[in-house]
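Q: Please take me through this structure term by term, and set each value against the definition behind it.

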Amino acid sequence: MKKIKAEKLGLTESVKRHLEAIGVVVGEVIVPSTITIHYPRERRKLPDNFRGLILFDSKACISCFRCAHICPANAIVMEHRIAYFPSIDYAKCIFCHFCVDSCPTGALRPTKIHDFVYKDMDEMVVHSEEMVETPEIVREDSFTVEYVFDGDVQLVKKKEKEELVPEVKPPERPPKVAAALNPENCISCRLCVAACPTFAISAKEEKTKIILEINVDRCTACSICNKICPTSTLGLVDR
Amino acid sequence: MPGMLEIMVQNMVNIPLIQPLVDVLLKIPVINYIVALILWRPIFAVLIIPGLGAIMLVLMIIVWWERKLTARVQWRVGPLEVSRPIGGVMQVMADGMRYFFQEVIVHRNAHAIYFIQLPILAFLPVLLPILLIPAGPVYAIRSDYAIPAIVALIALIPVVIIAMGWASNNRFAYIGAIREAFMYFAYEIPLIFAVLAMMVLYGSGDPFVIVEKQTVPGILLNPVAALTFIIATVMATSRLPFEIPEADQEIAFGPFVEYSGILFGLVMTLAYEKLYLMSLLLTILFLGGWNGIAIPILGDFMPPFWLFLKAFVFMLIISLLRSIYARYRLDQALRIGWSSILAISIISIAISYALVLTGWLP
């Protein structure tokens, strides 16, 4: 059997170590180097692209369904309002914000609101009209806290309130635009006109055939017209 | 009984600060008896300061203080949400309320009679020493044997704790009681020797004589005795690093493991009350007792105030130990108690005799 013995220290060394321990404790008592965030009274500084509650702008939405298609949790269902607008089921949502990233017009916006509750499961299905307004938040915080990873982790406190709904620039439109690539194929069905979510396509009748006019300013290059066209008349070209 | 009132009024605590109020109250028929009784010196010493009222105040603050200090060292917050503006001091009151309304469970195997009465009986050895601890003019009993009597009465507390462990009839309580008994012998002899050293030094067991002779505080005259006394205090009040009988990680509060409700509230505070008593004794023996800067407006209240303040500050400092040291094993603590601490306590007696015989002390 191996017997482990305590290290033999001289008197001066042990006294030194005792004093060191006492010094550490006294120092911690006076200024504790804690890195805990006192949440309701302090908030951690969050980046502007923090994946929190999602807000919706019905004017910008073009009902392109991209958010619903990309949602990996199937949390987004398009519901018919004025046009088809997304509704988010927060019981399913995994806050990946793929919907926000995929939105071509910035109709879905990220916020830093991460503390919200619902009374029951039905309420967790949030419809598009409920996502327009920023929900009312009870702010108890008066400090914004930030971790600084410089050697040891430090906590930097600032007496300021952070804005939870950041200003997000709408995404740049893709450098593409819809155009009639093969006009000879057109069968004048006008499906593209009806399908265009931004009403960018208009059809002008001229004798026996129609001419498709595409408003370049309105076109978001969503390529719905491209998909719906039965004869592959429409396509995307560089702006 | 007009005679009774006169006896009390003649021996009343004289505090210039509240004297006008007392004069007014003494003219009101029934209240004058109450006021005179409370301000009667023996009753004032036992009930207000350094007695029961001071103990309650100490309990309220020291428990909060200790939790708060430990929390800060361990990067936590500690009690805060109860009475947030004053930093959570009321937490102890809230805990007390909770203990009060919680059911007291006396389990089937416990010796119910002893189990229930011992926590209440434990207040006897806590409050009886108060009778003998004087605070200048505020005292209950003056005796030449006050210091030995205080030590003897304080030494009764572990007996009650051991009895509690026996009455609980639980293996943890039993282990805790045995540990308490072992520790009792390990610290009590050095403690008595340290007190003895100071009594030899001052040549008396009367606190009045001892405080009078301390133009230089006793801690400077005989630092070895002071060190012995402080270590023995830490051991006696089962604080870390000698929190061996209670050791909540090992034996879940030892002798108190079966207690719940208000009975647990009573036994939990026992160590703090004992610490308070031993701090008062330490203040009288080593820190100059009730000597202090004169504050005329406090009058007779000034000596108890200084005595209380010194003892309290000592308690606040000793609370730090919890966050500095880890717990000793029982055998380590016993080895320390029976070897080095016993040795330095004997050395302290030798130092005292040397000081007296060489005539350094008047």
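A: A crossing is called left-handed if the near helix is turned anticlockwise from the far one by less than a right angle, and right-handed if clockwise. Helices are DSSP runs (H or I, at least four residues; strands are E, at least two), numbered from the N terminus. This is a predicted model, in which local features need pLDDT of at least 70 and side-chain atom pairs count only at pLDDT 80 or more, while totals for chains, interfaces and linings use all residues. Residues are numbered from 1 along each chain as its sequence is written, and chains are lettered from A and ligands numbered from 1 in the order in which they are written.

Q: What makes the crossing of helix 14 and helix 20 of chain B left-handed or right-handed, and at what angle do the axes cross?
A: Helix 14 of chain B passes helix 20 of chain B in a left-handed crossing. Their axes come within 8 Å and cross at roughly 145°, where axes are lines fitted to C-alpha atoms, for helices over the stretch in contact, and angles run from 0 to 180 degrees between N-to-C directions.

Q: Which residues make the contact between helix 14 and helix 20 of chain B, and what counts as contact?
A: Two residues are in contact if their C-beta atoms, placed from the backbone, lie within 7 Å. On helix 14 of chain B the contributors include B:Leu227 and B:Ile231, and on helix 20 of chain B they include B:Ile344 and B:Ser348. By class, this contact has nine nonpolar, five polar and no charged residues, with Ala, Val, Leu, Ile, Met, Phe, Trp, Tyr, Cys and Pro counted as nonpolar, Asp, Glu, Lys and Arg as charged, and the others, Gly among them, as polar.

Q: Why is B:Ala354 called buried, partly exposed or exposed?
A: A residue is buried if 20 or more other C-beta atoms lie within 10 Å of its own, exposed if 12 or fewer, and partly exposed in between, with C-beta atoms placed from the backbone. B:Ala354 has 12 C-beta neighbours inside 10 Å and therefore counts as exposed. B:Ala354 belongs to helix 20 of chain B, residues 330-358, and its C-alpha is 9.1 Å from that of B:Leu201, although the two are 153 residues apart in sequence.

Q: What class of exposure do B:Asn169 and B:Ala252 have, and why?
A: B:Asn169 has 16 C-beta neighbours inside 10 Å, so it counts as partly exposed. B:Ala252 also has 16 such neighbours, so it too counts as partly exposed. B:Asn169 lies in the loop between helix 10 (157-168) and helix 11 (171-202) of chain B and has a positive phi of about 55° although it is not a glycine. B:Ala252, in the loop between helix 15 and helix 16 (261-268) of chain B, has a positive phi of about 50° and is not a glycine either.

Q: Where are the cis peptide bonds from B:Ile49 to B:Pro50 and from B:Leu240 to B:Pro241?
A: The bond from B:Ile49 to B:Pro50 is cis, with omega near 5°, and B:Pro50 lies in the loop between helix 4 (41-48) and helix 5 of chain B. The bond from B:Leu240 to B:Pro241 is cis, with omega near 5°, and B:Pro241 is found in the loop between helix 14 (223-236) and helix 15 (248-251) of chain B.
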